Amino acid sequence: MAQHLKDKEAYQRLNYLYQAAHCVLSQNPKNVELARFYCFTQKTIAKRLVLRQDPSVKRTLCKKCCSLLIPGVTATTRQRRKKGKTRFTVVRCLSCGQSKTLLNNPDHCLWADRPEAQLEQQKQPDPVTSAESQPKHPKHPKPDGSQSSKPGAAQTSACT
Ligand SMILES: [Zn+2]
């Protein structure tokens, strides 16, 4: 991650809520509702502040009821096969029945893990960045800019 992380406190809060959901479920598997409340809060914060959550986190949350998906506790995990070759992992939420299907591909690389997804590695042309950094409108264009700033007055004076 970058050395200067924006919304650091919000990310710490998301982390805390996610860990708290795991904690209450491990203490008592009946704490499904409490864990869901934590995950729902976590989802709401991420949505409000437009924060990206890691795919490993997103895969353990039910997108329908915000339940924390733990295989054998709050979710079932099954292996499915399609057309002989492609295999899928189907995680089904035990609370609402929503299932998510993940392709079993050990070579799959997430977009965020690819080198071209990193902003620092993208080459940006220098003239564009230098032009954007310069202010488009100087603060004081003319000493008597207050009079010439009115377009109607300038046109009438030109006609006469
Ligand atoms: Zn669910």
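**Notes on a predicted zinc-binding model**

1. Let's start with the whole chain: 21% of its 160 residues count as buried, where buried means under 20% relative accessible area, exposed means over 50%, and partly exposed is in between (1.4 Å probe, protein chains only). Keep in mind that this is a predicted model, where local features need pLDDT of at least 70, side-chain atom pairs count only at pLDDT 80 or more, and totals for chains, interfaces and linings use all residues. Residues are numbered from 1 along each chain as its sequence is written, and side-chain values use heavy atoms, with hydrogens and water left out.

2. Now the surface and the contacts. The protein chain exposes about 13100 Å², with 54% of it supplied by carbon and sulfur atoms; such areas come from the Shrake-Rupley method with a 1.4 Å probe, and for residues only the protein chains shown count as cover. Take the contacts between residues at least 6 apart in sequence: 41% of them join residues at least 24 apart. A contact here means heavy atoms within 4.5 Å.

3. Next, the parts list. The chain has six helices and three strands, and from the N terminus on they run α-α-α-β-β-β-α-α-α. Helices (H or I, at least four residues) and strands (E, at least two) are DSSP runs, numbered from the N terminus.

4. How are the three strands ordered in the sheet? They form an open sheet in the order β1-β2-β3, with antiparallel pairing. The edge strands, each pairing on one side only, are β1 (75-82) and β3 (99-103). Neighbouring strands are turned by 25 degrees against each other on average, direction ignored; the axes behind this are lines fitted to C-alpha atoms (for helices over the stretch in contact), and angles run from 0 to 180 degrees between N-to-C directions. As background, strands of a sheet pair through backbone hydrogen bonds, either parallel or antiparallel.

5. Let's go through the pairings. Two strands pair if DSSP finds at least two bridges between them. β1 and β2 have eight bridges in the antiparallel sense, and one bridge partnership joins Ala75 to Cys93 in β2. Strand β2 (residues 86-93) also pairs with β3, again antiparallel, over five bridges; there, Val91 stands opposite Lys100 in β3.

6. Have a look at the hairpins too. The one made by β1 and β2 has three residues between the strands, and Lys83 in it takes a positive phi near 50 degrees. In the hairpin of β2 and β3, five residues sit between the strands, and Gly97 takes a positive phi near 90 degrees.

7. Which residues hold the zinc ion? The SG atoms of Cys62, Cys65, Cys93 and Cys96 coordinate the ion at 2.2 to 2.4 Å. Donors are N, O and S atoms within 2.8 Å of the metal (3.2 Å for Na, K and Ca), and water is not among the atoms, so sites may look incomplete. Along the sequence, the donor residues follow the spacing C-x2-C-x27-C-x2-C.

8. The zinc site is tetrahedral, with angles of 104 to 114 degrees among its four donor atoms; four donors earn that label if all angles lie between 85 and 135 degrees. For reference, the ideal angle for four tetrahedral donors is 109.5 degrees. As for cover, Cys93 is buried, since its relative accessible area is 1%, while Cys96 counts as partly exposed at 30%.

9. Two residues in the loop between α3 and β1 deserve a stop. Cys66 lies in this loop and has a positive phi of about 65 degrees although it is not a glycine; Cys66 counts as buried, at 6% relative accessibility. Ser67 is found in the loop as well. Is Ser67 buried or exposed? Ser67 is buried, because its relative accessible area is 1%. Leaving out residues up to four places away in sequence, the residues that Ser67 touches include the zinc donors Cys62 and Cys93, and among the others are Val32, Arg36 and Ser95.

10. Finally, two valines. Val50 lies in the loop between α2 (32-48) and α3 and has a positive phi of about 50 degrees although it is not a glycine; Val50 is exposed, with a relative accessible area of 72%. Val57 has its place in helix α3 and counts as buried at 14% relative accessibility. Not counting residues up to four places away in sequence, Val57 touches Tyr18 and Gln42. The C-alpha atoms of Val57 and Asn15 are separated by 9.8 Å, and the two residues are 42 apart along the chain.

How values were computed: Tetrahedral: all angles 85-135°; square planar, octahedral: opposite > 155°, others 65-115°.
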